[in-house]
Amino acid sequence: LATAGQDGLTTAPLSADLRQVAAQRTLTLSQGGVIVGQGVLISSTGLAIAPGEAAFGYDGAPRRSLSASQSNKREMAVKVESYDAVTDLALIRVPGLAGGDVKFAQLASRFDSSVVMVTLHSGPARAQMARRGLTGVVGLGKRYMPLNEIRLEAGATALTGSPVFSADGKLVGILMALLNDEIDTRDMPGAEVAPKAFGGGARPTKSFGPMPSATAFSLDLPVLDRVIEGFLSEKQQVTHPWIGLFFKTSPSGGAEVTRVVGGSPAEAAGIKVGDVITAAGRQPFDSHVDFAAYLFDQRVGASCDLQVRRGTSERKVRVKIAKDTGSGHRLRRVTED
């Protein structure tokens, strides 16, 4: 249960049970004794999700001699089985964790509380879910994804791929980006001399006063739901919606098309560069972000009716939703120079 602190904020409970739940479902990934990231188990067969930078080397190929451990226990061999370039998440298998007694993360069906716990390689940390459903881009393809902003407790250091659990032990996020902001107390009024406990001297050290805090961004539940469903399917591939357009915000509102991919559903529907997509049905788009968010929510195989403005005329076009071609690299992580 959550408790309210003196500042009026709710702090996450770090009970022994919650710590154990998180530890049993979290992996620390290493190569040659160096920690490269974290992962979270999603199946009793030893399947887990890990960030692409942890699963692949600089050459884009799966890391050699990649290993996983839980709570600093023995290291186990890891095999990279699939990759989703849209989210930059990899599917890995840990054969040593296959079995009926293996604990794996259950994705939350919904999440209303601001109380979360982030499982870091150094241990669990209290955190606040500051904002949900933010506009963001992740992965090497820079695709739109809904993200959550998480405020970690002072002094916490997170790794990409760190799983985020709710107070009832359900998976509610995976960290994909981290911002650090350190408060330098050396010029604070009244802090002219540091206590001997902090080294003494004429000026205080950074240890005197507030500790560094961290703001992280995690994938929201709809993204994780899609990723887990795809990785656990027979083909072990994540399916994202795509119509083959690049676009920007039009000065008059809506999404102005800047590029149409050849052979795409958008080209088949007659959409051209310079067209402005203003709505889908009764849902208007004030910007290209609104349109990107709409596309993210569509299902592959479905069709959408788009309102398109070309010059001074407007018309309705029907576009079929296809699979995002950016997720085609199953075992290769292609980075940009």
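The following questions and answers explain the terms applied to this predicted model.

In this predicted model, local features need pLDDT of at least 70, side-chain atom pairs count only at pLDDT 80 or more, and totals for chains, interfaces and linings use all residues. Residues are numbered from 1 along each chain as its sequence is written, and side-chain values use heavy atoms, with hydrogens and water left out.

Q: Why is Phe 291 called buried or exposed?
A: A residue is buried under 20% relative accessible area, exposed over 50%, and partly exposed in between (1.4 Å probe, protein chains only). Phe 291 has a relative accessible area of 0%, and therefore it is buried.

Q: What makes Ile 243 and Phe 285 count as residues that Phe 291 touches?
A: A contact means heavy atoms within 4.5 Å. Leaving aside residues up to four places away in sequence, Phe 291 touches Ile 243, Leu 245, Phe 247, Ala 255, Ile 277, Phe 285 and Leu 306. Phe 291 itself belongs to helix H5 (residues 288–296); helices (H or I, at least four residues) and strands (E, at least two) are DSSP runs, numbered from the N terminus.

Q: Why does Ser 65 count as buried or exposed?
A: The relative accessibility of Ser 65 is 64%, so Ser 65 counts as exposed. Ser 65 is placed in the loop between helix H2 (52–55) and strand S6 (66–69).

Q: Why does Asp 88 count as buried or exposed?
A: Asp 88 has 9% relative accessibility and therefore counts as buried. Its place is in the loop between strand S8 (79–84) and strand S9 (89–93).

Q: What is notable about the phi of Asp 88?
A: Most residues other than glycine have a negative phi. Asp 88 is not a glycine, yet its phi is positive, at about 60°. Ser 65, also a residue other than glycine, has a positive phi near 55°.

Q: How is the lining of the second largest pocket divided?
A: Ala, Val, Leu, Ile, Met, Phe, Trp, Tyr, Cys and Pro count as nonpolar, Asp, Glu, Lys and Arg as charged, and the others, Gly among them, as polar. On this basis the lining holds 5 nonpolar, 5 polar and 4 charged residues. Helix H1 (residues 16–25) supplies the largest share, 3 residues.

Q: How confident is the predictor in residues 181–211?
A: The predictor's confidence in each residue is its pLDDT, from 0 to 100. Over residues 181–211 this value stays under 50, whereas the mean for the chain is 82.
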